[in-house]
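I have a new structure open and my notebook next to it. Here is what I looked up, entry by entry.

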Amino acid sequence: MDKTILFAGIALLSLGAGFLTAQSFDTSLHSAFTTGGYLWLAMGGITISLGLKAKKDKEKQQMMGALR
């Protein structure tokens, strides 16, 4: 599950980067592309942090299981 969340976060970061680069290639695009790019970058960062937290919790549970 944690890997899926991490990959989804990476995909969202890529989407945000794509929106930001599209604006730089074609200046006639609306400024919403820039705003959307920053929002997707923020969502990707949040998703990656949640994925890392899930991975840490999973490793903690495995460690506790090994100590029993």
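What share of the 68 residues in the chain is buried? I looked this up before anything else, and buried residues come to 18% of the chain. A note to myself: this is a predicted model, and I keep that in mind for each entry below.

**Entry: the overall build**

I counted the secondary structure next and got 2 helices and 0 strands. Then I checked how spread out the chain is. Its radius of gyration is 17 Å, whereas the globule rule gives 11 Å for 68 residues, so the chain is more spread out than a compact globule. I also looked up the box that the C-alpha atoms fill, and along the principal axes it is roughly 65 × 15 × 10 Å.

**Entry: helix 1**

Helix 1 covers residues 2–25, and helix 2 covers residues 32–67. How far does helix 1 reach from its first C-alpha to its last? I found 35 Å for its 24 residues, which is close to the 34 Å expected at 1.5 Å a residue.

I then asked which residues of helix 1 are buried. My list reads Asp2, Leu6, Gly9, Leu12, Gly16 and Gln23. I looked closer at Asp2, and its relative accessible area is 8%. Since anything under 20% counts as buried, Asp2 belongs on that list.

**Entry: two glycines**

Gly16 made me look at Gly44, which sits in helix 2. Is Gly44 buried or exposed? Its relative accessibility is 0%, so I wrote it down as buried. Gly44 and Gly16 are 28 residues apart in sequence, and their C-alpha atoms are 8.1 Å apart in space.

**Entry: salt bridges**

How many salt bridges does the structure hold? I found 2.

One of them joins the side chains of Asp2 and Lys58, with 3.8 Å from N to O. Asp2 lies in helix 1 and Lys58 in helix 2, so this pair ties together parts that are 56 residues apart in sequence. The partners are not equally covered, I noticed: Asp2 is buried, whereas Lys58 is partly exposed at 39% relative accessibility.

The other one is between Lys53 and Asp57, and their closest N and O atoms are 3.5 Å apart. This time both residues lie in helix 2, with their positions 4 residues apart in the numbering, about one turn of the helix. That fits a rule I jotted down: an α-helix has 3.6 residues a turn, so residues three or four places apart point the same way. Asp57 is partly exposed, with a relative accessible area of 35%.

**Entry: who sits by the start of the chain**

I stayed with Asp2 and checked Lys55, another residue that lies in helix 2. Lys55 and Asp2 are 53 residues apart in sequence, yet I got 5.4 Å from C-alpha to C-alpha. Lys55 is partly exposed, at 35% relative accessibility.

I did a similar check on Lys58 and Met1. They are 57 residues apart in sequence and 9.6 Å apart in space, again C-alpha to C-alpha.

**Entry: the aromatic pair**

The structure holds 1 aromatic pair, and I wanted to know which residues make it. They are Phe19 and Phe33, with ring centres 5.6 Å apart and 35° between the planes. Why is the pair called tilted? Planes under 30 degrees apart would be stacked and planes over 60 edge-to-face, so the rest count as tilted, and 35° is one of those angles.

Phe19 lies in helix 1 and Phe33 in helix 2, so the pair ties together parts that are 14 residues apart in sequence. I looked up the exposure of both rings' residues too. Phe19 is partly exposed at 26% relative accessibility, and Phe33 is partly exposed at 30%.

**Entry: a nonpolar patch**

Which residues form the nonpolar patch on the surface? I listed Leu15, Trp40, Met43, Ile46 and Leu50, and together they have about 440 Å² of accessible area. Helix 2 gives the most to this patch, with 4 residues. I picked out Ile46, which lies in helix 2. Its relative accessibility is 46%, so Ile46 counts as partly exposed.

How values were computed: Residues are numbered from 1 along each chain as its sequence is written. This is a predicted model: local features need pLDDT of at least 70, side-chain atom pairs count only at pLDDT 80 or more; totals for chains, interfaces and linings use all residues. Side-chain values use heavy atoms; hydrogens and water are left out. Rings of Phe, Tyr and Trp (its six-membered ring) pair if their centres lie within 6.5 Å; planes under 30 degrees apart count as stacked, over 60 as edge-to-face and the rest as tilted. Buried means under 20% relative accessible area, exposed over 50%, partly exposed in between (1.4 Å probe, protein chains only). The expected span of a helix is 1.5 Å times one less than its number of residues. Patches are made of residues with over 30% relative accessible area and no salt bridge: like charges are joined within 9 Å, nonpolar side chains (Val, Leu, Ile, Met, Phe, Trp, Tyr) within 5 Å. Accessible areas come from the Shrake-Rupley method with a 1.4 Å probe; for residues, only the protein chains shown count as cover. A salt bridge is a side-chain nitrogen of Lys or Arg within 4 Å of a carboxyl oxygen of Asp or Glu. The radius of gyration is taken over C-alpha atoms; the globule rule is 2.2 Å times the number of residues to the power 0.38.
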